[in-house]
Amino acid sequence: TDVFGIQGSLHWMNKATTEQRPPLLSPEQRASLATVAAAELPAMLASVLSALPRDTLSLSDCTSRGGMIDPQDWSLSTLQAERTPATVSARLSVFFTEVVGGCNCHDEPARYNGHAIFRADIDLTNGQISWLCTEA
């Protein structure tokens with residue numbers, strides 16, 4: 001979709017629910033998360049999740065002005081990560097840019113900085129990720 005000159009697709013996620021998606025992490029990524037040293041897990045997790053397609057993390061519910069998220073302008077960091085043999089759970093901080101169309105046809109879109117906190121639960125057996133926006 002090309003909206004306001006931004007390439008990419010945007011997804012919706014309700015704040016009160018999590019959204020299950022098809023397996024996202026490759027067997028190699030899952031193995032890396034399962035075996036990396038505990039002290040290195042937060043950095044590895046941020047690296048793996050940041051490498052996913054830009055529309056993987058649903059940010060649409062985090063907009064405050066009714067705009068759309070620029071899929072090319074976001075960054076993710078790990079606030080906390082915990083691992084069991086079957087799962088990785090984490091709190092993630094995501095900074096993004098919300099693009100709001102002008103009031104008139106000739107107005108340029110306005111860009112606003114945004115921030116959200118997500119909880120991510122990764123099933124290491126099948127690669128599925130459950131996302132939940134906990135703060136926007």
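Select Arg 111 to begin, a residue that is partly exposed, with a relative accessible area of 47%. The model you have open is a predicted one, and this tour moves from Arg 111 to its charged partners, then through the strands, into the core and out to two helices.

**Stop 1: the partners of Arg 111**

Keep Arg 111 selected and add Asp 70, whose side chain meets that of Arg 111 in a salt bridge with 2.7 Å from N to O. Asp 70 lies in strand E4 and Arg 111 in strand E6, so this pair ties together parts that are 41 residues apart in sequence. Is Asp 70 buried or exposed? With a relative accessible area of 7%, Asp 70 is buried, while its partner Arg 111 is partly exposed.

Now add Asp 73, which also meets Arg 111 in a salt bridge, here with 3.6 Å from N to O. Asp 73 belongs to strand E4 and Arg 111 to strand E6, so the two residues tie together parts that are 38 residues apart in sequence. Asp 73 is partly exposed, and its relative accessible area is 33%.

Next, select Arg 119 and Asp 121, which form a salt bridge whose closest N and O atoms are 3.3 Å apart. Arg 119 counts as partly exposed at 34% relative accessibility, and Asp 121 counts as partly exposed at 28%. Going back to the earlier selection, you can treat Asp 70, Asp 73 and Arg 111 as one network, joined by salt bridges that share partners. For the structure as a whole, the count comes to 4 salt bridges.

**Stop 2: following the strands**

Show the backbone as a cartoon and find E4 and E5, which run antiparallel and are joined by 11 bridges. The two strands form a hairpin with 3 residues between them, and if you select Thr 78 you will find it standing opposite Leu 92 in E5.

Move on to E5 and E6, another antiparallel pair, which 14 bridges join. To follow this pairing residue by residue, select Glu 98, which stands opposite Tyr 112 in E6, and then Val 100, whose bridge partner in E6 is Ala 110. Why can E5 be called largely enclosed by the rest of the structure? The reason is that 11 of the 14 residues of E5 are buried.

Continue to E6 and E7, which also run antiparallel, with 6 bridges joining them. Asp 121, which you met in its salt bridge with Arg 119, has Ser 130 in E7 as its bridge partner. The hairpin of E6 and E7 has 5 residues between the strands, and there Gly 127 takes a positive phi near 85°.

**Stop 3: the nonpolar core**

Hide the charged side chains and select Leu 33, Leu 49, Leu 92, Phe 118 and Ile 122, the residues with the most contacts inside the largest nonpolar core, which has 28 residues. The elements that give two or more residues to this core are helix H2 (41-50) and the strands E4 (68-83), E5 (87-100), E6 (110-123) and E7 (129-135).

Which residues does Leu 49 touch, not counting those up to four places away in sequence? Leu 49 touches Trp 74, Leu 76, Leu 92, Ile 122, Ile 129 and Trp 131, and among these Leu 92 is the residue that Thr 78 stands opposite.

**Stop 4: Met 44 in helix H2**

Select Met 44, which lies in helix H2 and is partly exposed, with a relative accessible area of 28%. Leaving aside its neighbours within four places in sequence, Met 44 is in contact with Ser 32, Leu 33 and Val 36. Draw a line between the C-alpha atoms of Met 44 and Ser 32, and you will find them 8.0 Å apart in space, although the residues are 12 apart in sequence.

**Stop 5: Arg 30 in helix H1**

Finish at Arg 30, which lies in helix H1 (residues 27-35). Arg 30 is buried yet has no salt bridge, and the nearest side chain of opposite charge, that of Asp 123, is 6.8 Å away. What does the side chain of Arg 30 reach at 3.1 Å? The answer is the backbone oxygen of Leu 124. Not counting residues up to four places away in sequence, Arg 30 touches Leu 25, Asp 123, Leu 124, Thr 125, Asn 126 and Gly 127, and Gly 127 is the residue with the positive phi in the hairpin of E6 and E7.

How values were computed. Residues numbered from 1 in each chain as written. Predicted model: local features only at pLDDT ≥ 70, side-chain atom pairs only at ≥ 80, totals over all residues. Heavy atoms only, no water. Core = buried A, V, L, I, M, F, W, Y, C linked by side-chain atoms within 4.5 Å. Buried < 20%, exposed > 50% of the residue type's maximum accessible area, 1.4 Å probe, protein only. Helix = DSSP H or I, 4+ residues; strand = E, 2+ residues; numbered from the N terminus. Contact = heavy atoms within 4.5 Å. Pairing = 2+ DSSP bridges. Lys, Arg positive; Asp, Glu negative; His and termini not counted. Polar contact = N/O pair within 3.5 Å; in protein donor to acceptor, adjacent residues only side chain to side chain.
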